Every structure is written in structure tokens, then in C-alpha cells.
Amino acid sequence: MASQLAIAFCTMAHVVLLGCYFYTGFIYKFEVVEKLHGHRVRAFQRAGLRPPNSFGGDLKFLTIWNLIFQTFYFFWCCVTDLVLTSGSRSPIAKKFVAFRDWFLAAVAFPIGTLVVSMFWAIWAVDRELVFPKELDEFFPPWLNHVLHTTVLPILLIEMFLVQHKLPSRKAGVMGTLFVGLSYLLWVLYLGYAMDIWVYPVLKVLSGFYFGLFLTVSAFFLLGLYIVGEKISEFCWRGYPDSDYEFTKID
């Protein structure tokens, strides 16, 4: 009974977080983006210039990829929690849990941590490089923090309260590197094929420096995966392994 109540509590928390991320996406898309796009188009028209190519939309930005990943993760958590609350211990239920745990370890945590750490590291150097002051007019402060700050503490609380069975390191690292490589290829395609440089520094990198950039990026992502792995192990050391889910609020 206690385990069922604990899972029900986690389900409610996951539903709330899922709702928060959906609301964030809605406000971003239908209020912030629309107003910002209209403002920029009018500015170019007043200057007698042609608006820049908008191919790819906001999917050019890793922040939006991360918003999609976090939303999907908590959606999957809700589905998995409902399966567990129903008392099912079928092989299908086990697969739901396994995929949830893999997605957290391989995608949600490393990509979320990357977005938070890189955003605030660049902000500390020069905020104009990552979030120009002109955006303050369109972005409410809470939205900026949901996209770039609270992602990490939410994931840490999730890892602390709910036991996740880590995938094999090979499976986890391959997932992390696949997502990272996919985004890099997307950014390079936009740059070389569409002349849209999301990160202008990539435009000037070539040869040795480009290879060095790829190597450092891969090792940084690998490091974030291992950090998430170690945090999960630290939070649950001394607790027995669970076939499905175990919470500290039991």
C-alpha cells in the first residue's frame, strides 16, 4: 500500500511538471515568439531590409530541443506511473520503466545540464552572446528561468526521490552522443546549406580546430552522462535494487 501511495504521489508531481512544461511551450510559442517575430520584421521593414531567413524556426536552438526532451520525459513518467499504479508487473510495464530510466540517463539529464551550464557560463562572460537585453522586453523572467535554470534542480530532485535503474554505460553513452551528433549535424546543415549560423563561431572553425571542437564537445557530453550516473548512484547507495520503482517517501 505504501509503495502504491508513493507512486501515486510521484504521478501527481509528474503531471504537474508536465503541465508546467506544456504551459511554458505554449507561452513561448504563441506569445513570445509571435511578438518577437513581428517586432523584428517591422524593424527590418523600417530599415528597408529583407528579413533574414527563418528556416528551421526555433528548432535551431538547443534550448528548444531540451524543452521538447523535458516535456517528453515527464509525459513518459506519467504514462509509466499510471502503468505501475494499476498494479501491472508485466514485461510491457518493465519496458516502460526501462525506457524512462534510459531516457533520463542518456538524454534528459545530460542535455538539460548542458543547456543550463552553457547558458549561464556564457551569460557570465557576456550575456549579449546568449540572451541580448532586447529580449527582456519579450521574455518574462520566469520563462527564462524555466528554460535555462529550473531544469537542472527539477531533474536532481527527480533522481533523489525516484530510483532509476541505470542502463548499461554503452547504451547510455551511445544515446547521449547520438542526440549530440544529431544536433550538431542539424546546426552544420543550417550553416553550410542555408547560411544560417546559429553559433557563428562554427563558421570560422576549420581543420584542426574544428576537429578539436568536436572532440571536446563529445568528451564534455560524455562527462555530463557520467556525472548523472554518479549522482543517481550516490542518491540510492544503501537502498536495494527495485525491479520497477522505489521511492524515498515510502
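**A walk through an all-helix predicted model**

Me: Which side chains meet in a salt bridge at 2.2 Å, N to O, and which helices do they lie in?
Reply: In this predicted model, the side chains of Glu229 and Arg169 meet in a salt bridge at 2.2 Å, N to O. The pair ties together parts that are 60 residues apart in sequence, because Glu229 lies in helix H8 and Arg169 in helix H6. So the pair is Glu229 and Arg169, and the helices are H8 and H6.

Me: Thanks! Is Glu229 buried or exposed, and what about Arg169?
Reply: Buried means under 20% relative accessible area. Glu229 has 7%, so Glu229 falls in that class. Arg169 has 41%, which lies between the buried and exposed cut-offs of 20% and 50%. That makes Glu229 buried and Arg169 partly exposed.

Me: How many salt bridges does the structure hold, and which residue meets Arg127 in one?
Reply: The structure holds four salt bridges. One of them joins the side chain of Arg127 to a partner at 3.0 Å, N to O. Arg127 counts as buried because its relative accessibility is 15%, while the partner is partly exposed at 41%. The count is four, and the partner is Asp136.

Me: Are Arg100 and Asp101 buried or exposed, and what is the N to O distance in their salt bridge?
Reply: Happily, these two can be taken together: Arg100 is buried, and so is Asp101. Their side chains meet in a salt bridge, with an N to O distance of 2.8 Å.

Me: What pattern does the chain follow along the sequence?
Reply: The chain has eight helices and zero strands. Read along the sequence, the pattern is therefore written with helix symbols, each standing for a DSSP run. The pattern is α-α-α-α-α-α-α-α.

Me: Which helix gives the largest share of the largest nonpolar core?
Reply: Of the 51 residues in this core, Tyr28 and Phe139 touch the most other members. Elements that give two or more residues to the core include helix H1 (2-46), helix H3 (91-126) and helix H8 (207-235). The largest share is eleven residues, and the helix is H3.

Me: Which residues is Phe139 in contact with, leaving aside neighbours within four places in sequence?
Reply: Phe139 is, with Tyr28, one of the two residues that touch the most other members of the core. Leaving aside those sequence neighbours, its contacts are Tyr28, Val32, Phe131 and Leu147.

Me: Is Pro110 buried or exposed, and what separates its C-alpha atom from that of Leu222?
Reply: Pro110 has its place in helix H3. Its relative accessible area is 0%, so Pro110 is buried. Not counting residues up to four places away in sequence, Pro110 touches Leu104, Ala105, Thr176, Leu224 and Tyr225. Pro110 and Leu222 are 112 residues apart along the chain, and their C-alpha atoms are separated by 8.4 Å.

Me: Which residues form a nonpolar patch on the surface with Phe208?
Reply: Phe208 has its place in helix H8. At 61% relative accessibility it is over the 50% cut-off, so Phe208 counts as exposed. The patch has about 460 Å² of accessible area together, and the residues that join Phe208 are Tyr209, Leu212 and Val216.

Me: What share of contacts between residues at least 6 apart in sequence join residues at least 24 apart?
Reply: For the whole chain, buried residues make up 40% of the 250 residues. The accessible surface comes to about 13,900 Å², of which 71% belongs to carbon and sulfur atoms. As for those contacts, the share is 81%.

Terms used:
Residues are numbered from 1 along each chain as its sequence is written. This is a predicted model: local features need pLDDT of at least 70, side-chain atom pairs count only at pLDDT 80 or more; totals for chains, interfaces and linings use all residues. Side-chain values use heavy atoms; hydrogens and water are left out. A nonpolar core is a set of buried Ala, Val, Leu, Ile, Met, Phe, Trp, Tyr and Cys residues joined through side-chain atoms within 4.5 Å. Buried means under 20% relative accessible area, exposed over 50%, partly exposed in between (1.4 Å probe, protein chains only). Helices (H or I, at least four residues) and strands (E, at least two) are DSSP runs, numbered from the N terminus. Contact means heavy atoms within 4.5 Å. Patches are made of residues with over 30% relative accessible area and no salt bridge: like charges are joined within 9 Å, nonpolar side chains (Val, Leu, Ile, Met, Phe, Trp, Tyr) within 5 Å. Accessible areas come from the Shrake-Rupley method with a 1.4 Å probe; for residues, only the protein chains shown count as cover.
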